[in-house]
Amino acid sequence: IEEDAEGTVWVGGSAAGKAFLCAVSEGREECPPGGGDSGGAVLALYRDASGSLWAAGQDKVWKVKPGPTQSISLPGPIGALRTMTGTTDGIVVGAREKVFTIVNGEVRTLALPSWAEGLVFTKALRDRDGGLWISASDFGLLHFHAGGVDAFTSAEGLSGDHVLGIFEDREGNVWVSTSHGLDRFRPMAAA
């Protein structure tokens with residue numbers, strides 16, 4: 001679910017093996033057939049800083065609005081729901097074994113530490129300080145910031161290795177829900 005700048009609520013998903021992408025505004029619902037060129041499911045929606053609405057299918061990302069629709073093929077399949085977030089100049093998409101950045105229609109593979117290669121990336125969040133938080137299936141959480149990356153797993157104190165959601169509140173705390181609890185990461189105070 002994502003709201004655009006005009007207040008229209010967009011909902012994407014899959015029903016009976018077919019993708020849907022619906023716009024709900026002023027009590028009206030529009031669901032054009034096919035849900036875009038999504039490969040059978042709409043897995044993620046994201047509104048970027050410029051107000052553009054993006055949708056992710058199983059192996060594509062497309063800009064839904066403002067038009068014209070722009071479809072971008074990914075070099076690998078998306079592994080889970082809610083795996084798309086923004087950057088200062090594009091979007092990030094978590095996939096199976098890789099993380100992709102898309103800037104001006106060009107897809108690049110994000111450099112990962114060797115220990116993170118081959119993981120299935122399942123959730124993504126860009127925080128207000130520019131840090132990128134990405135969860136990996138049954139591997140916990142990766143935090144890319146200031147040119148480095150930190151890993152948080154149950155061995156480092158994360159409540160569980162299966163991340164269900166990532167959220168940033170208005171105070172800049174990043175909340176992570178796992179299959180075993182809830183964790184809060186507080187922003188570091190500047191000296």
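**View 1. The largest pocket and the residues around its centre.** In this predicted model, 21 residues line the largest pocket, and Ile-1, Glu-2, Ala-44, Leu-45 and Arg-82 sit nearest its centre. The space inside comes to about 470 Å³. Sort the lining by class and you get 14 nonpolar, 3 polar and 4 charged residues.

**View 2. Strands that build the lining of the largest pocket.** Look for S2 (9-15), S5 (44-47), S9 (84-86), S13 (121-126) and S17 (163-168): each of these strands puts at least two residues into the lining. S17 chips in the most, with 5 residues.

**View 3. The second largest pocket.** Here we have about 320 Å³ of space. Its lining takes in 18 residues, with Asp-127, Asp-129, Trp-133, His-143 and Met-188 nearest the centre. Two strands, S15 (140-145) and S16 (148-152), are the elements that hand over two or more lining residues. The class split is 7 nonpolar, 5 polar and 6 charged.

**View 4. The largest nonpolar core, and another one apart from it.** This core holds 16 residues, and the ones touching the most other members are Val-61, Leu-74, Met-84, Ile-91, Val-93 and Ile-102. Strands S5, S6 (53-56), S10 (91-94) and S11 (99-103) are the elements giving it two or more residues. Apart from this core lies another, made of 12 residues including Val-99, Ala-116, Ala-136 and Phe-144.

**View 5. Zooming in on Met-84.** Setting aside neighbours within four places in sequence, Met-84 is in contact with a whole list of residues, among them Ala-44, Leu-45, Trp-54, Val-61, Ile-91, Val-93 and Ala-124. Of these partners, Ala-44 and Leu-45 also turn up in View 1 as residues nearest the centre of the largest pocket.

Technical notes: Residues are numbered from 1 along each chain as its sequence is written. This is a predicted model: local features need pLDDT of at least 70, side-chain atom pairs count only at pLDDT 80 or more; totals for chains, interfaces and linings use all residues. Side-chain values use heavy atoms; hydrogens and water are left out. On a 1 Å grid over the protein atoms alone, a cavity is a set of points where a 1.4 Å probe fits but cannot get out, and a pocket is an open set with protein on both sides within 12 Å along at least five of seven lines; lining residues have an atom within 4 Å of a point. Grid points are joined across faces, edges and corners, and a volume is the space filled by probe spheres set on the points. Helices (H or I, at least four residues) and strands (E, at least two) are DSSP runs, numbered from the N terminus. Ala, Val, Leu, Ile, Met, Phe, Trp, Tyr, Cys and Pro count as nonpolar, Asp, Glu, Lys and Arg as charged, and the others, Gly among them, as polar. A nonpolar core is a set of buried Ala, Val, Leu, Ile, Met, Phe, Trp, Tyr and Cys residues joined through side-chain atoms within 4.5 Å. Buried means under 20% relative accessible area, exposed over 50%, partly exposed in between (1.4 Å probe, protein chains only). Contact means heavy atoms within 4.5 Å.
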